[in-house]
Amino acid sequence: MTNSSAVVVENLRVRRGARTVLHDLSFDVPRGSVTGLLGPSGCGKTTLMRSVVGVQTVESGTVTVLDHPAGSPQLRDKIGYATQSPSVYADLTVNEALRYFASILRAPANDVARVIDEVGLGTHADDVVGQLSGGQLSRTSLAVALLGKPELLVLDEPTVGLDPVLREDLWALFNRLADRGVTLLVSSHVMDEAARCQRLLLMREGRILADDTPAALRTSTGAEDLEQAFLSLVRGQETPA
Ligand SMILES: Nc1ncnc2c1ncn2[C@@H]1O[C@H](COP(=O)(O)OP(=O)(O)OP(=O)(O)O)[C@@H](O)[C@H]1O
């Protein structure tokens with residue numbers, strides 16, 4: 001039976017080095033929506049995303065993705081993952097790099113032009129990857145994640161270093177993809193991006209502070225904006241019982 005959640009995480013605990021960086025997290029990510037993973041630098045967003053994609057060693061708990069255990073071979077062409085440090089060959093052009101990944105993923109040839117257009121890299125298609133700016137490089141990584149027909153996109157800070165117009169365009173793209181039924185898990189440490197998500201997971205120090213819609217978070221905290229809502233939740237957590 002198909003689950004209405006694209007991702008189900010139960011009691012996930014992850015250690016990195018000597019530290020526990022995720023403390024028994026449980027949550028799910030509804031299908032066909034944009035879920036924002038928000039929280040300060042170092043709170044564990046990337047570690048959580050790595051666990052969902054299946055590249056993180058976990059100490060305990062389960063992560064189920066599209067009805068399979070995270071990391072299952074069946075998920076390989078169903079998940080697009082864009083990391084913060086893209087591994088795209090520096091001596092290829094954007095076009096060549098995408099053609100290479102398209103052939104590995106057995107994506108149709110015309111997909112390359114589509115994804116280049118979707119991330120707004122049309123004027124840089126023939127630029128060598130090693131000479132791209134940070135924002136152009138992360139958009140190349142995003143374009144790789146969009147190849148084929150991924151059902152789940154896991155995007156680690158995809159809008160870092162982009163100007164407001166490009167950020168706006170990418171968020172519009174994320175919402176169009178969700179309307180088509182794609183599930184997106186998007187991390188950011190910029191609170192103004194939180195309002196663009198249908199659902200938010202607010203993280204702090206390896207724990208989930210809140211899992212709700214932006215509107216419900218504003219209502220439950222009485223805050224005007226999500227930055228204030230986050231601060232209010234942090235303060236509430238610090239108040240002695
Ligand atoms: N390879 C590693 N070995 C040991 N500890 C690590 C490793 N990578 C990350 N950590 C630690 O795990 C914790 C969570 O890191 P993570 O990268 O998941 O956070 P983040 O929320 O994605 O941060 P940022 O927003 O800065 O990317 C941090 O305390 C970090 O120092």
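Which residues does UniProt give for the feature "domain: ABC transporter"? The unreviewed entry places that feature at residues 7-230. Before going further, note that what we are looking at is a predicted model. Over residues 7-230, the chain is 31% helix and 28% strand. The C-alpha atoms at the two ends of that stretch are 24 Å apart.

Next, the division into domains. The protein chain is split into domain 1, made of 31-54 + 68-78 + 150-241, and domain 2, which is 89-149. Their C-alpha centres lie 24 Å apart. Where they meet, 11 residues of domain 1 are in contact with 10 residues of domain 2. On the domain 1 side, the elements giving two or more residues are β7 (152-156) and α5 (164-179). The largest share of that side, three residues, comes from α5. By class, the side of domain 1 that touches domain 2 has eight nonpolar, one polar and two charged residues.

That leads to the core. The largest nonpolar core has 63 residues, and the members that touch the most others are Val52, Leu98, Ala143, Val154, Leu184 and Leu185. Where does this core lie with respect to domain 1 and domain 2? Both domains give residues to it, so the core lies between them. As background, nonpolar side chains in soluble globular proteins tend to be buried together. Take Leu98 as one case. Setting aside residues up to four places away in sequence, Leu98 touches Val112, Val115, Ile116, Ala143, Val144 and Leu147.

For contrast, look at Ala109, in the loop between α2 (94-104) and α3 (111-118). Is Ala109 buried or exposed? Ala109 has 9 other C-beta atoms within 10 Å, and the limit for exposed is 12 or fewer, so Ala109 is exposed. Its C-alpha atom is separated by 16 Å from that of Gly122, which is 13 residues away along the chain.

Now helix α1, residues 45-53. Why is α1 described as largely enclosed by the rest of the structure? Because seven of its nine residues are buried. The buried ones are Lys45, Leu48, Met49, Arg50, Ser51, Val52 and Val53. Val52 is also among the core residues that touch the most other members. Just after α1, Gly54 takes a positive phi of about 95°.

The same helix matters for the ligand shell: the largest share of the shell, three residues, comes from α1. The residues surrounding the ligand are Arg16, Gly17, Val21, Gly39, Ser41, Gly42, Cys43, Gly44, Lys45, Thr46, Thr47 and His189. By class, this shell has two nonpolar, eight polar and two charged residues. Lys45 is in the shell and is one of the buried residues of α1.

Next, the loop between β7 and α5. Two of its residues are worth a look, Glu157 and Thr159. Glu157 has a positive phi of about 50° although it is not a glycine. With 21 C-beta neighbours inside 10 Å, Glu157 counts as buried. Thr159 has 24 such neighbours inside 10 Å and so also counts as buried. Which residues does Thr159 contact, leaving aside neighbours within four places in sequence? They are Arg167, Leu170, Ser188 and Glu193. Thr159 and Val182 are 23 residues apart in sequence, with their C-alpha atoms 19 Å apart.

Glu193 can be followed from there. It is found in the loop between β8 (183-188) and β9 (199-204). Glu193 is buried, having 21 other C-beta atoms within 10 Å. Besides Thr159, Glu193 is in contact with Gly36 and Ser188, again leaving aside neighbours within four places in sequence. Ser188 is therefore on the contact lists of both Thr159 and Glu193, taking contact as C-beta atoms within 7 Å. Glu193 and Leu38 are 155 residues apart in sequence, yet 8.9 Å apart in space, C-alpha to C-alpha.

Last, a backbone detail in strand β2 (residues 19-30), where Asp24 is found. Asp24 has a positive phi of about 50° although it is not a glycine. How is Asp24 classed by burial? With 16 C-beta neighbours inside 10 Å, Asp24 counts as partly exposed.

Definitions and conventions. Residues numbered from 1 in each chain as written. Predicted model: local features only at pLDDT ≥ 70, side-chain atom pairs only at ≥ 80, totals over all residues. UniProt positions renumbered as here; feature names shortened; annotations may be inferred. Helix = DSSP H or I, 4+ residues; strand = E, 2+ residues; numbered from the N terminus. Core = buried A, V, L, I, M, F, W, Y, C linked by C-beta atoms within 7 Å. Buried ≥ 20, exposed ≤ 12 C-beta atoms within 10 Å, placed from the backbone. Domains from an automatic or database assignment. Contact = placed C-beta atoms within 7 Å. Near = placed C-beta within 6 Å. Nonpolar A, V, L, I, M, F, W, Y, C, P; charged D, E, K, R; others polar.
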